[in-house]
Amino acid sequence: MVQTFILSFILVLSILPQVSATDLRGALEASASGLRAQSARLKMHAENIANADSILTEDGEAYRKKQAIMVTKVNRKTGLNEVVLERIVEDTRTPLKQIYDPNHPLADDNGMLTYSNVTTLTESADMRRASRMYEANMQAIEVSKEMLTRTVQMLR
Amino acid sequence: MGLAAALAHRQDFLIQRQGVVAGNIANASTPNYLAKDMTFKAMVNQASGSTLRPSATHAKHIGGQTSNTRNTGDVVEIKGGQTLNGNSVVVEEELLKMNDINLNYGLITQLFQSHVGFQKIAIGSPR
């Protein structure tokens, strides 16, 4: 009885497909890179929205909208395309908003106030997109995890 | 051992495709990224076992890394349908692909388990 059991166990082990679990781990790593990049982007958009009404002070610069530069990076170990938020740059092309408010203590000689160049509407749209992307990556992780579990269950 | 090997081949392919699709989803908002997919390569006689051959996974690669995973398919780029920033990933499509992979993977594991079941019956062990 015991012998047949051991025999069947050895049989299962010997014909078990040689699945490289590292590949699924690679898929998980790729999705994790997506999560990292998207959450950083989300944070950046939140920062932009928070600073939408920042004004130009006498000593400093008005807040400029931040933009994320995402690039593809091939993971040398897994050979899969991962994503990385390479850097965050300030938007210097869009002009700063000028609003007439002569009673404001920080208004210039013409009574103009300089606001940041953030457009709240596009920021919230971008933010929503980032959060959807985050969810998609989460879903990918879920599926990879399920596949990994199935692989382990093959031993039963 | 033929069936088990065939199943393993298919399983390897599915795992690799899952990685490619996960990469696509991760890069869904990367400018100039072209979506990638894999085409299944029918199993050829690979009696020699692992093939140690450098595989270039990126156009800028020189040589690439050596892998001992079996070559189960080719990675193809999906051109066309790019948005203004040159990205051709459609997230919905990728999620559907992933669902397909998951279903196929389930099928393979089920097949393998029933294959093992037959072997167990043959050697007369209790299930």
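This is a tour of a predicted model, moving from chain A into its contacts with chain B.

**Chain A as a whole**

Start by selecting chain A, which has three helices and four strands. Read from the N terminus, its elements follow the order α-α-β-β-β-β-α. Chain A has 156 residues, and 40% of them are buried. Now consider its contacts between residues with a separation of 6 or more: 62% of these join residues 24 or more positions apart.

**Three stops on helix α2 of chain A**

Select residues 21-50 of chain A, which form helix α2. Three residues of this helix are worth displaying in turn.

Begin with A:G34, which is found in helix α2 of chain A. Is A:G34 buried or exposed? A:G34 has a relative accessible area of 0%, so it is buried. Add A:Y134 to the selection and draw a line between the two C-alpha atoms: they are separated by 7.1 Å, although the residues are 100 apart along the chain. If residues up to four places away in sequence are not counted, A:G34 touches A:V83, A:N137 and B:A26.

Next, select A:Q38, also in helix α2 of chain A. The relative accessible area of A:Q38 is 0%, so this residue is buried too. With neighbours within four places in sequence left aside, the contacts of A:Q38 in chain A are A:M70, A:A130, A:M133, A:Y134 and A:N137. From chain B, A:Q38 is in contact with B:A26 and B:S29. Keep A:N137 and B:A26 displayed, as both are also touched by A:G34.

The last stop on this helix is A:R41, again in helix α2 of chain A. Why does A:R41 count as buried? Its relative accessibility is 11%, and buried means under 20%. Leaving aside neighbours within four places in sequence, A:R41 contacts A:A68, A:M70, A:L85, A:D126, A:R129 and A:A130 in chain A, and B:S29 in chain B. A:M70, A:A130 and B:S29 are also in contact with A:Q38. For a distance along the helix, pick A:E29: its C-alpha lies 18 Å from that of A:R41, with the two residues twelve apart in sequence.

**Helix α1 of chain B**

Move to chain B and select residues 2-26, helix α1. This helix is mostly covered, with 20 of its 25 residues buried. Its end C-alpha atoms are 36 Å apart, which agrees with the 36 Å that 25 residues should span at 1.5 Å a residue.

Now add residues 120-153 of chain A, helix α3. The axes of α3(A) and α1(B) come within 9 Å and cross at roughly 165°. The two helices are therefore roughly antiparallel, and the crossing is left-handed. To see the contact, show A:A136, A:N137, A:A140, A:V143, A:S144 and A:M147 on α3(A), with B:L14, B:I15, B:Q18, B:I25 and B:A26 on α1(B). By class, this contact has eight nonpolar and three polar residues, and no charged ones.

**Helix α2 of chain B**

Keep α1(B) on screen and add residues 91-123 of chain B, helix α2. This helix has 33 residues and reaches 48 Å from its first C-alpha to its last, close to the 48 Å expected at 1.5 Å a residue. Just after its end, select B:G124, which takes a positive phi of about 70°.

How do α1(B) and α2(B) lie relative to each other, parallel or antiparallel? Their axes come within 10 Å and cross at roughly 160°, and the pair is therefore roughly antiparallel. This crossing is left-handed. The contact between α1(B) and α2(B) has 14 nonpolar, six polar and five charged residues.

**Back to chain A**

Finish by displaying α3(A) with α2(B). Their axes come within 10 Å and cross at roughly 5°, and the two are therefore roughly parallel. On α3(A), the residues to select are A:M133, A:A136, A:Q139, A:A140, A:V143, A:E146, A:M147, A:R150, A:T151 and A:Q153. They meet B:V91, B:L95, B:M98, B:I101, B:N102, B:Y105, B:G106, B:T109 and B:Q113 on α2(B). This contact divides into ten nonpolar, seven polar and two charged residues. A:A136, A:A140, A:V143 and A:M147 appear here as well as in the contact with α1(B).

Notes. Residues are numbered from 1 along each chain as its sequence is written. Chains are lettered from A and ligands numbered from 1 in the order in which they are written. This is a predicted model: local features need pLDDT of at least 70, side-chain atom pairs count only at pLDDT 80 or more; totals for chains, interfaces and linings use all residues. Side-chain values use heavy atoms; hydrogens and water are left out. Buried means under 20% relative accessible area, exposed over 50%, partly exposed in between (1.4 Å probe, protein chains only). Contact means heavy atoms within 4.5 Å. Axes are lines fitted to C-alpha atoms, for helices over the stretch in contact, and angles run from 0 to 180 degrees between N-to-C directions. Angles under 35 degrees count as roughly parallel, over 145 as roughly antiparallel, 65 to 115 as roughly perpendicular and the rest as oblique. A crossing is left-handed if the near helix is turned anticlockwise from the far one by less than a right angle, and right-handed if clockwise. Ala, Val, Leu, Ile, Met, Phe, Trp, Tyr, Cys and Pro count as nonpolar, Asp, Glu, Lys and Arg as charged, and the others, Gly among them, as polar. The expected span of a helix is 1.5 Å times one less than its number of residues.
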